[in-house]
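Here are a few notes to help you find your way around this one. Have the model open while you read, and take the points in order.

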Amino acid sequence: EIPSVDQVGIVDSQAGIGYIRLTNFQKTTARDFDAALWQLHREGMRSLIVDVRGNPGGLLSASVEVADRFVNAGVIVSTRGRNPMEDYVHRANAASTWRVPLVVLVDENSASASEIFAAAIHDHGRGVIVGHQSYGKGSVQGIFPLNVSGGGVRLTTAKFYSPNGKAISEV
């Protein structure tokens, strides 16, 4: 298991600026992110930098859970595909959210779930996105098993859309 929360700390104690680096989005990310937030809170955090540079993504659900820490209501991400069964809207549902000023760092290697997180923060006006244009991988992929060989086929089945309805692909 690779830790998804890589670095946590106060980068400016005078201003109370906290820093969390997320390397990927996996099952334990939300839990680990919460622990990091509370650690920074105890250390005097008054604003936060979330660094997703070089983060290739991971689980959609983990990205939605992390975004839900900052978005108090509304759409976090939606998916639309050729088959209506692929259409889904993920909404914020946390009872309370962190209201600290927020900056999200992205680069050309921030992809998929990282872009979903950044788009939700941007579209809800919860923070500022800083860096280079991200990778633009806004596609939902499923792995379909092949009974014959024990392998599988990965197929793109839908696309991700930001809360404002913009496709994340190639943007």
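1. Start with the open sheet, bearing in mind that the model is a predicted one. The sheet has four strands, in the order E5-E4-E9-E8, and they pair in the antiparallel sense. Strand E5 (88-91) and E8 are the edge strands: each has a single partner, so one side of each has no neighbour in the sheet. On average, neighbouring strands here are turned by 30° against each other, ignoring direction.

2. Now look at one edge in more detail. Strand E4, residues 75-81, is joined to E5 by four bridges, and the two are antiparallel. If you want a pair of residues to find your place, threonine 79 has tyrosine 88 in E5 as its bridge partner.

3. Next, what lies across this sheet? Helix H2 (residues 60-67) does, covering E4, E5 and E9 and running at about 155° to E4. Several H2 residues are buried: Ala62, Ser63, Val64, Val66 and Ala67. The cover over these buried residues includes E4 and E5, but also strand E2 (17-22), helix H1 (29-42) and helix H3 (113-123).

4. While you're at helix H3, have a look at serine 114, which sits in that helix. Is serine 114 buried or exposed? Serine 114 counts as buried because its relative accessible area is 1%, and the cut-off for buried is under 20%. Leaving aside residues up to four places away in sequence, serine 114 touches Phe25, Val52, Asn55 and Gly57.

5. Strand E2 came up as part of the cover for H2, and E2 has a pairing of its own to check. E2 runs parallel to E3, with five bridges joining them. One of the bridge pairs is tyrosine 19 with isoleucine 49 in E3. As for E3 itself (residues 47-51), four of its five residues are buried, so the rest of the structure largely encloses this strand.

6. Finally, go back to the other edge of the open sheet and look at the surface. Leucine 146 is in the loop that links strand E8 (139-145) and strand E9 (152-161). Why is leucine 146 called partly exposed? Its relative accessible area is 38%, and partly exposed means between the 20% limit for buried and the 50% limit for exposed. Together with Phe144, Val153 and Leu155, Leu146 makes a nonpolar surface patch of about 310 Å².

Conventions. Residues numbered from 1 in each chain as written. Predicted model: local features only at pLDDT ≥ 70, side-chain atom pairs only at ≥ 80, totals over all residues. Heavy atoms only, no water. Patch = residues over 30% accessible without salt bridge, like charges linked within 9 Å, V, L, I, M, F, W, Y side chains within 5 Å. Areas by Shrake-Rupley, 256 points an atom, 1.4 Å probe, with all protein chains shown as cover. Salt bridge = Lys/Arg side-chain N within 4 Å of Asp/Glu carboxyl O. Buried < 20%, exposed > 50% of the residue type's maximum accessible area, 1.4 Å probe, protein only. Pairing = 2+ DSSP bridges. Axes fitted to C-alpha atoms, helices over the stretch in contact; angles between N-to-C directions. Contact = heavy atoms within 4.5 Å.
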